[in-house]
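Trainee: Got a minute? I'd like to go through this one with you.
Mentor: Sure, let's pull it up.

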Amino acid sequence: MITYYDDRSVQVTSTAIRVDGRAFPLAEIGLVWHRRGDRSWRVLAGRGAIGAALAGPLVAAAIGIAVAVWLHRSPTVTLAIVGASVLVGLAVGPVADFLFDRLDRSYDRGSRQRELWVRWQGRPVLLLSTGDALRFGQIYRAVQRAMEHSAAPRRHGGSPVRATGPTATGPAGQGPATGRRR
């Protein structure tokens with residue numbers, strides 16, 4: 001038995017897909033497809049907040065320099081205001097690495113809910129629904145590899161290969177499977 005993916009709730013092997021303790025033997029799966037939900041405005045707003053947090057100290061520094069020049073005070077006062085503004089602008093440095101990491105992770109997770117569906121024993125079954133795009137992609141690819149591996153011996157024996165991917169037909173009334181729709 002080959003294990004293609006394994007985490008605390010999902011296991012994909014060359015014989016079955018197990019999700020939250022429920023097993024779906026590959027021999028009983030006729031079709032695999034996925035769906036994407038609508039964008040999450042909460043995730044997009046979070047990304048905007050991270051961008052604002054990155055720009056905040058730089059904008060404050062620019063405003064401080066503009067105020068220092070506009071006030072026309074003594075060179076000592078102007079230099080002190082400009083120096084403080086530059087220090088505020090430099091404050092973004094240590095925080096920027098943390099914020100860029102958070103921003104990068106938000107793109108890895110994605111901003112949509114994703115669903116993995118299979119036709120199991122002749123009926124559509126939702127195997128997995130997650131907002132984590134990276135994890136979903138790993139699981140979906142593992143399922144594709146497992147299905148290809150389980151269908152490979154049948155190709156040589158003359159039996160039809162199970163359809164997966166963008167050309168497969170989805171459940172009745174739902175049109176074609178979404179495959180890799182973007």
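Mentor: We'll go from the overall fold to the cavity, a pocket, the salt bridges and a surface patch.

Trainee: Anything to know before I start pointing at residues?
Mentor: It's a predicted model, where local features need pLDDT of at least 70, side-chain atom pairs count only at pLDDT 80 or more, and totals for chains, interfaces and linings use all residues. Residues are numbered from 1 along each chain as its sequence is written, and side-chain values use heavy atoms, with hydrogens and water left out.

Trainee: OK, how many helices and strands in the protein chain?
Mentor: 4 helices and 8 strands, taken as DSSP runs numbered from the N terminus (helices H or I, at least four residues; strands E, at least two). Along the sequence the order is β-β-β-β-β-α-α-α-β-β-α-β.

Trainee: And what percentage of the residues count as buried?
Mentor: 35% of the 182 residues. Buried means under 20% relative accessible area, exposed over 50%, and partly exposed in between, with a 1.4 Å probe and protein chains only. Among contacts (heavy atoms within 4.5 Å) between residues at least 6 apart in sequence, 59% join residues at least 24 apart.

Trainee: How many cavities of 30 Å³ or more turn up?
Mentor: The search of the whole structure finds 1, with a volume of about 30 Å³. On a 1 Å grid over the protein atoms alone, a cavity is a set of points where a 1.4 Å probe fits but cannot get out; a pocket is an open set with protein on both sides within 12 Å along at least five of seven lines, and lining residues have an atom within 4 Å of a point. Grid points are joined across faces, edges and corners, and the volume is the space filled by probe spheres set on the points.

Trainee: Which residues line the cavity?
Mentor: Val 10, Val 12, Ile 17, Val 19, Leu 116, Leu 127, Leu 128, Ile 139 and Val 143. At least two lining residues each come from β2 (10-13), β3 (16-19), β7 (123-130) and α4 (133-157).

Trainee: Switching to pockets: what's the volume of the second largest?
Mentor: About 260 Å³. Its lining includes Arg 42, Arg 47, Arg 102, Arg 105 and Arg 109. The elements giving two or more residues to that lining are α1 and α3 (92-109), and α1 supplies the largest share, 5 residues.

Trainee: How many salt bridges does the structure hold?
Mentor: 2, counting a side-chain nitrogen of Lys or Arg within 4 Å of a carboxyl oxygen of Asp or Glu. One joins Asp 7 and Arg 135 at 2.7 Å, N to O. Asp 7 lies in the loop between β1 (3-6) and β2 and Arg 135 in helix α4, so the pair ties together parts that are 128 residues apart in sequence.

Trainee: Is Arg 135 buried or exposed?
Mentor: Buried, at 17% relative accessibility, while Asp 7 is partly exposed at 22%.

Trainee: And the other bridge, which side chains meet at 3.9 Å?
Mentor: Arg 141 and Glu 148. Arg 141 is partly exposed at 32%, and Glu 148 is partly exposed at 37%.

Trainee: Last one: which residues make the nonpolar surface patch?
Mentor: Val 59, Ile 63, Val 67, Trp 70 and Leu 71, giving about 490 Å². Val 59 sits in helix α1 (residues 41-71) and is partly exposed at 45% relative accessibility. Patches are made of residues with over 30% relative accessible area and no salt bridge; like charges are joined within 9 Å, nonpolar side chains (Val, Leu, Ile, Met, Phe, Trp, Tyr) within 5 Å. Accessible areas come from the Shrake-Rupley method with a 1.4 Å probe, and for residues only the protein chains shown count as cover.
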